[in-house]
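Reader: I would like a close look at one point before I plan anything at the bench. How many disulfides does the structure hold? Then please go on to the backbone, the packing and the confidence.

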Amino acid sequence: MKIRRPTRLARLIPRRLASFRFAILLLFLVPMMVTVMAIVYKMSERAESVVYQLSSRIVEEIGEKVVARAAGIVRTAEGHLLSNAAVAAATRVISGQVLFSDLFWQQVVFTPELTGLYIADQAGNFVEARTEPEPATRVIDRAVTPPTERIIVRDRNYRPLAHLEREPVFDPRERPWYSNTRPKRRLQWTDAYRFSSSGRLGITATYPLLDDDGHILAVLGADATLDSLSAFLSRQDIGPNSAAFLLDDRDRLIAYPHRLEIGASSDTGPNVGPNAGLADTNDLPTTSEIALPWVRNTLTSIGPFGAAARSDHAYRSVTDGRTYLAHVIYFGEGFGLPWRLVIVLDEADLLSEAQRALQESIVVSAIIVMLALFVVYPMAATFAESVEQLTRNTQLLRLFRPGEVVPVKSAFREIREMDQAICGMRDTMMLVESRLPTDFVRALAAGTLDAEEPEFIRLCERGFSKYLAGAWDEAIAAFSEALVYAPDDRVCELLIAHCERYRSEAVAAPPRDRDGAPPEHRDPNDPIMT
């Protein structure tokens, strides 16, 4: 007869996991993997939180630097204009033209952010020192007859290189920077525009010199370039797809990293410095005209200037499946230049380190799980083999085949105790087989006793059940009636003798179940029930 493996576990879990070894592996590995994945998830979540906190610090740090740099340019021009206004208030333009030429030259040469300083009075007199388009000083004197304009091209050491003297064709009083200056003692700025001579982006600041009645006596001007802001933004290493931009209140791009190549440059445009007319700024791209999609979409998403003037607000946009965050910092209102700094961060750039840490955590977790699998699997296999052998031994006992029972060796205490119990049952059955016909006992216990007389079988089965139940009189009666049909049956005679002995000794034997569990108070010498 083929011994089948136990199927109780197979009824509880799928058939492909019916083995003990897989059940043990699942019981161990599944909670371990869930725990590891929970730890990895929390680590990833924490890493993302730290990265976003770090990005806020990056935004704050870059914002402070850019604002300080822009404010530095403005303050530099403001300081020179105010100091020049103090000098101009104590002298006259014509009488002090040499003084102003020297003063302006020293200021503009040692201040890279400034490309020109100049002054013009209500009589049309004009003094200028400039570094673009070439280093030079320029003086227009309308107090003499005829009026003269003298231009001296110089080197960086103020040495003259070339002279040009002519009748003036330029009248500063007709220029917008003069005529648009209001009689208020404060710095006044033009919009950003690109200088035609150099293509550099800049702004012009003016300051009026007033008389006692508040009328304009003269206007001082300074041209400041904004290229240093773009250069500074270019040095900010935020990420491959992250950058900082400077916008004015008309949503025009006035500073950006050079590597992006999104700004419009032109060889023509408004005249630089005192020759500047109404600032034609059409060559400055607005946010909607930028060619790079991720820059355009991100800057457009923040809306017009003043729509949400909060420096701590972040705007989100998606371009080509990538998410970008735009942080806005408003500044410049204090000195008349309402600008805003927009720092665009690629979410993938921010999370690259967190994703790398997550990948490393997953790899380490997989290694740990694999090592655990190599440790647990042999233990699970050993335990499963022991349980499977115990199951086979139990089935062998139920089939009255104790000679085929194999002892189980195991390091588990419970397995050893079960093996000892089964081996005890094996020894008992082998003792029974030495006293009674094995085939008869096996057939009688299994209810498959073969005989020609059905009544004999019925009486034997009834007597054996009464024998197991301790009903000695009824068992003797049943076996005695069976002997009528088979007078030579030695088993019935042996069982009758046992029943009579138990009855005579008045031993109250407890009932015995059909599985053959031995009663606690039976005679240990009973060759059948021990």
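Author: The structure holds zero disulfides. This is a predicted model, and that count comes from its coordinates. A pair of cysteine sulfur atoms would have to lie within 2.5 Å to be counted. Two cysteines deserve a look of their own. Cys460 has a relative accessibility of 1%, so it counts as buried. Cys499 has a relative accessible area of 0%, so it is buried too. The cut-off for buried is under 20%.

Now the packing. The largest nonpolar core has 50 residues. Within it, Trp339 and Leu341 touch the most other members. Helix H2, residues 20-89, is the element that gives the most to this core. Its share is ten residues. A second core is separate and has 19 residues. Ala243, Ile262, Tyr315 and Tyr324 are among them.

Next, one polar side chain. Gln107 is found in helix H3, residues 97-109. Is Gln107 buried or exposed? Its relative accessible area is 9%, so Gln107 is buried. What does its side chain meet? The side chain of Gln107 makes a polar contact with the side chain of Asn84, at 2.9 Å. Set aside the neighbours within four places in sequence, and Gln107 is in contact with His80, Ser83, Asn84 and Leu117. Asn84 thus appears in that contact list and as the polar partner.

The backbone comes next. Most residues other than glycine have a negative phi, and most peptide bonds are trans. Four places here are worth checking against that background.

Start with the cis peptide bonds. One joins Glu132 and Pro133, with omega about 5°. Pro133 lies in the loop between strand S2 (126-130) and strand S3 (136-141). Another cis peptide bond joins Thr145 and Pro146, with omega about -10°. Pro146 lies in the loop between S3 and strand S4 (148-154). Strand S3 therefore borders the loop of Pro133 and the loop of Pro146.

Then the positive phi values. Tyr158 has a phi near 75°, and it is not a glycine. Where is Tyr158 found? It sits in the loop between S4 and strand S5 (160-166). Its relative accessible area is 21%, so Tyr158 is partly exposed. Asp251 is another residue that is not a glycine, with a positive phi of about 60°. Asp251 lies in the loop between strand S10 (243-247) and strand S11 (253-255). At 16% relative accessibility, Asp251 counts as buried. The cut-off of 20% explains why these two get different labels: 16% falls under it, whereas 21% does not.

Last, confidence. The protein averages a pLDDT of 75. Of the residues, 75% score at least 70. Which elements mark the extremes? Helix H1, residues 8-12, has the lowest mean pLDDT, at 41. Strand S4 has the highest, at 91. S4 borders the loop of Pro146 and the loop of Tyr158.

Two stretches call for caution. Over residues 1-18, pLDDT stays under 50. The model has 19 contacts beyond four places in sequence for residues 1-18. Over residues 277-282, pLDDT likewise stays under 50. Here the model has ten such contacts. Where pLDDT is low, the predicted coordinates should not be read in detail.

Definitions and conventions:
Residues are numbered from 1 along each chain as its sequence is written. This is a predicted model: local features need pLDDT of at least 70, side-chain atom pairs count only at pLDDT 80 or more; totals for chains, interfaces and linings use all residues. Side-chain values use heavy atoms; hydrogens and water are left out. Helices (H or I, at least four residues) and strands (E, at least two) are DSSP runs, numbered from the N terminus. Buried means under 20% relative accessible area, exposed over 50%, partly exposed in between (1.4 Å probe, protein chains only). A nonpolar core is a set of buried Ala, Val, Leu, Ile, Met, Phe, Trp, Tyr and Cys residues joined through side-chain atoms within 4.5 Å. pLDDT is the predictor's confidence in each residue, from 0 to 100. Contact means heavy atoms within 4.5 Å. A polar contact is a pair of N or O atoms within 3.5 Å; within protein, one must be able to donate a hydrogen and the other to accept it, and residues adjacent in sequence count only if both atoms are side-chain atoms.
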